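Ready for a few exercises on side chains, salt bridges and surface patches? Have a go at each task before reading the solution below it.

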Amino acid sequence: MSLLGFTKSIHKWVSIAVGFQIMIWIGTGGYFALVDHHVAGGNASKTSVNHQGVKTRPLIPWMNLTGQSAESVKLLWILEQPYYQVIHTKPEHRYQKHYVQLFNAYSGEPFVLTEPFVKKIANRSYTGTANVIAVSLVKPPVRELPREENAVWKVSFDDPSHTNVYIDKNYGRVISHIDDDRRLRDLMFRLHFMDYGNSGSFNHWLIVSAAGLTLTLSVTGIVWLIALFKSGLLRVPLAKNRKQLSVRHLASGTTSDLALPKADTILHGLAEAGVFLPSRCGGGGTCGACKFKSSKNLPQTTADQDLLSPEQLNRGYRLACQHFVSGIEQIEIDAPQEVQTYELTTVETKFVTPFIKEIKFTAAGGKRVPYRAGAYMSFIIPGGTNFIRPKDLPQHYERYWQQIPSGTFTHQGGVRHYSLATYDSLDNKLIFNVRWQLHESAAGLGSSYLGALNVGDKVIASGPFSDFFASENEVVRRVLIGAGSGLAPLRAIIWEQVELGSDRHETWLIQGARNEDELAYNEEFETLSEEMGNFFYLPTLSSPSCNWEGKQGYVQQVILGQIKHWLNGEVTEFYLCGPSKMMIEVENILINSGVPSELIFKDDFSSGR
Amino acid sequence: MVVVGAQFLLWAISGLYMVLMNIHYVHGEFLSVDSREELIGREVNYSFDSLVRDNPKAINVELTMSSGHPIYRFVTPQGHGAAVDANTGERIPPVKEHQARQIAKYSYAGNDEISHVKLISDASLKPSEISARHLPVWQVTFDHYSAPTFYVNEYTGEIVTKRHTPWRIFDWMWRLHIMDYTEGENVSNLLFILSATTALAAGLTGIILLVLRLRSDFAKEAL
Ligand SMILES: Cc1cc2nc3c(=O)[nH]c(=O)nc-3n(C[C@H](O)[C@H](O)[C@H](O)COP(=O)(O)OP(=O)(O)OC[C@H]3O[C@@H](n4cnc5c(N)ncnc54)[C@H](O)[C@@H]3O)c2cc1C
Ligand code: FES
């Protein structure tokens, strides 16, 4: 992985870990910025209390008091009466534990703050009209004053904001008014400081780790941003200046001049002009489908480098979502000039494995839909309510569905891509294999929508898009490797090869499945391999029944067993389509065995959205 | 996006600094020795009663030890500090430079030399790290890389506050954190509100992207 790739993946993982707390930080930060601090501090009904009085009698010398040692002595006025406050130890902060005694400064008698005093002080400090409803001495820990280590007096008022006035028992001074505004602020502080244990502190390991991760996130984010800038992918959009671009269509050999917005990517610019390059990631730079060729030597973005082979890069191929119209005059593209939108009518639908449905459509008005084997179409899935389970599940597949709840779920709709499962140039039927996707609480919205179509139902789809197809190279053999619904485009390619009637080269199919039931189109392929001398069929099951006589295990093992034979100095191309994990492992095996990456073609279903 | 990105970085750095540094350390509590002394009662020949008689408007009267002698400290009606010798009852004259040095040295926990001393009495010339209510003060700085500084009140000889580099950095970090690039106390400036809103939007879109991304990763596994 490149350094930038590494940075990106750190960025993503870290954002999972602290993303939520960051939102809390921003949200509470916003609160602090907007709130009126005087009110939020609980000061709405607070006024300062002046205790200072005038001496009316001589004060008793402090040494006449109980004669204890002290660090200092203060003359403290409480409600206009003088007291000696003998301080034994005075901590740095008021809320820390302190050892203090009070004495009446006239009589020298020990003095303790009692309820009537406390009530009077609270009333003086309170500007509202409500009455006191409770007075109590609270020992630490004091819930509303988390750092307090001394016992404090709490005076509660009967007002709508539930004001509590806290008074220091050693000073007779008001510590705070805690009302609902203040409680909200304290909650915000606790959230901001991640003080989920109410310690009143922000020096704890939880927030330190979150802050460390956040710093990592910011740094990786900025590195990423800078990389995007350097590659010209980020820029400040100016006016929609247009520019003439000459586009040569390789399929038809024609050239057209299009005026495209300069600031758009080539992908979006062309789409605006009605020319749709294939794209599964919608311009995200992760699918590698939106190739174009330029005679001018364009800079390479990291996505170009990750998704195109060095050879393609040398020949001038780049990704259209990664380059801007402004930098280019002339390009060549290998895409249909126009993408059609079709209204399709369901003509047949049936389960071919426990989870895969074969669905056949015809285009409205008997229109022919031209396509190359391996192509896919994009279905518009309208928002609505779907059933989690199919209604027409054949009895013999029931046992695979026992765990799946019945019921419905609602969704917003979207666009989903499905590969044409056959090469059917004579018949106008379009055949798809749709795997019913399931997860805990619902089903995949697109697959369960299409899976539930009845004969006669209509759907809208556009395409076909072609970015996975059998090459026109002179090769000795093509090895197709697939599993699950990934078989769809492979099956189309097989029939295309059969129909081309070519006996010049071999076609192999390595099909993986769990058991016999899941092995879609098994009989069809068996028959084909008996009829055609150059079609080789190797199904392999990971957990077959005891009647199975074929290969057992994963496709990876079959490939390891055959690879020597295939690579015997002859040109062999590989076509992969199936679960991501399988595709990655197979590709690794091939690359490690010395297969050049230009000879490996992949159809990755998970690169869509 | 870029601007918010930079501010995000500043928030992260400043936030990390502030949570990483123990607040008691930042406040330089370790800088002074525990100079608590017992009051020596027999040296107090001038009583509270006399003090209040001679200074009827004095507030916050406190009897305490200062460099080994008992003194009274209080605040005058004019709002500045004053000190009175508890033995003789005489006003203690304003602290001179050599006394300020002595007081600072006496309570300083390290054994570095004093590098410079300066009297600050004009509020318009005060450094931003002290508040005007502490004036006039002697600024006593020690010769150490963290530049520990003790502020000694000229009238009372009391060490009113202290600073060292980690605390000064903390103040800077706080300013960066609340995006107040001028004064350091105003949490609600417009810049902050604007950035907080954009940041919120950026954060939210980030989370949405992340959720989409995770869902498509699950889809890979489920094919
Ligand atoms: C070029 C291309 C060709 C394709 N061809 C085919 C094909 O021929 N046949 C085929 O079957 N598919 C094909 N796909 C895949 C197809 O486009 C869809 O991605 C797939 O059917 C899932 O879509 P969905 O709407 O049913 O599921 P979504 O609702 O999009 O969900 C995606 C996955 O996430 C899971 N999921 C969704 N929500 C949750 C949740 N809340 N908790 C946990 N899990 C959740 C779902 O179970 C599902 O596995 C192709 C994709 C591409 C890009
Ligand atoms: S659209 Fe360009 S890489 Fe996917």
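A:Glu144 is buried, at 11% relative accessible area, where buried means under 20%, exposed over 50% and partly exposed in between (1.4 Å probe, protein chains only). This is a predicted model, in which local features need pLDDT of at least 70 and side-chain atom pairs count only at pLDDT 80 or more, while totals for chains, interfaces and linings use all residues. Residues are numbered from 1 along each chain as its sequence is written, chains are lettered from A and ligands numbered from 1 in the order in which they are written, and side-chain values use heavy atoms, with hydrogens and water left out.

**Exercise 1.** Find the side chain that meets A:Glu144 in a salt bridge, and work out which parts of the chain the pair ties together.

*Solution.* Start with the rule: a side-chain nitrogen of Lys or Arg has to sit within 4 Å of a carboxyl oxygen of Asp or Glu. A:Arg183 passes, with 2.6 Å from N to O. Next, place both ends, using helices (H or I, at least four residues) and strands (E, at least two) as DSSP runs numbered from the N terminus. A:Glu144 is in the loop between β5 (132–138) and β6 (152–157) of chain A and A:Arg183 is in helix α4 (residues 180–192), so the pair ties together parts 39 residues apart in sequence. Now check cover: A:Arg183 is partly exposed at 24% relative accessibility. Last, look for company: A:Asp180 joins A:Glu144 and A:Arg183 in a network of salt bridges. Over all chains, the count of salt bridges comes to 22.

**Exercise 2.** Is A:Arg491, which bridges to A:Glu524, buried or partly exposed?

*Solution.* First confirm the bridge: the closest N and O atoms of A:Arg491 and A:Glu524 are 2.8 Å apart. The pair links distant parts of the chain, with A:Arg491 in helix α10 and A:Glu524 in helix α11 of chain A, 33 residues apart. Then read off accessibility: A:Arg491 is buried at 8%, whereas A:Glu524 is partly exposed at 22%.

**Exercise 3.** Work out what A:Gly486 touches, leaving out residues up to four places away in sequence.

*Solution.* Locate A:Gly486 in the loop between β20 (477–483) and α10 (487–499) of chain A. Its relative accessibility is 0%, so A:Gly486 counts as buried. Apply the contact rule, heavy atoms within 4.5 Å, and you get A:Cys577, A:Gly578 and A:Phe605. For a backbone view, take A:Asp604: its C-alpha atom is 8.6 Å from that of A:Gly486, although the two are 118 residues apart along the chain.

**Exercise 4.** Name the residues that form a nonpolar surface patch with A:Ile380.

*Solution.* Patch members need over 30% relative accessible area and no salt bridge; like charges are joined within 9 Å and nonpolar side chains (Val, Leu, Ile, Met, Phe, Trp, Tyr) within 5 Å. A:Ile380 sits in strand β16 (residues 376–387) of chain A and is partly exposed at 45%. Its partners are A:Val415 and A:Ile460, and together the patch has about 220 Å² of accessible area, using the Shrake-Rupley method with a 1.4 Å probe and, for residues, only the protein chains shown as cover.

**Exercise 5.** Describe chain B from its elements and its burial.

*Solution.* Count the elements: six helices and seven strands. Read them from the N terminus and you get α-α-α-β-β-β-α-β-β-β-β-α-α. Finish with burial: 44% of the 223 residues in chain B are buried.
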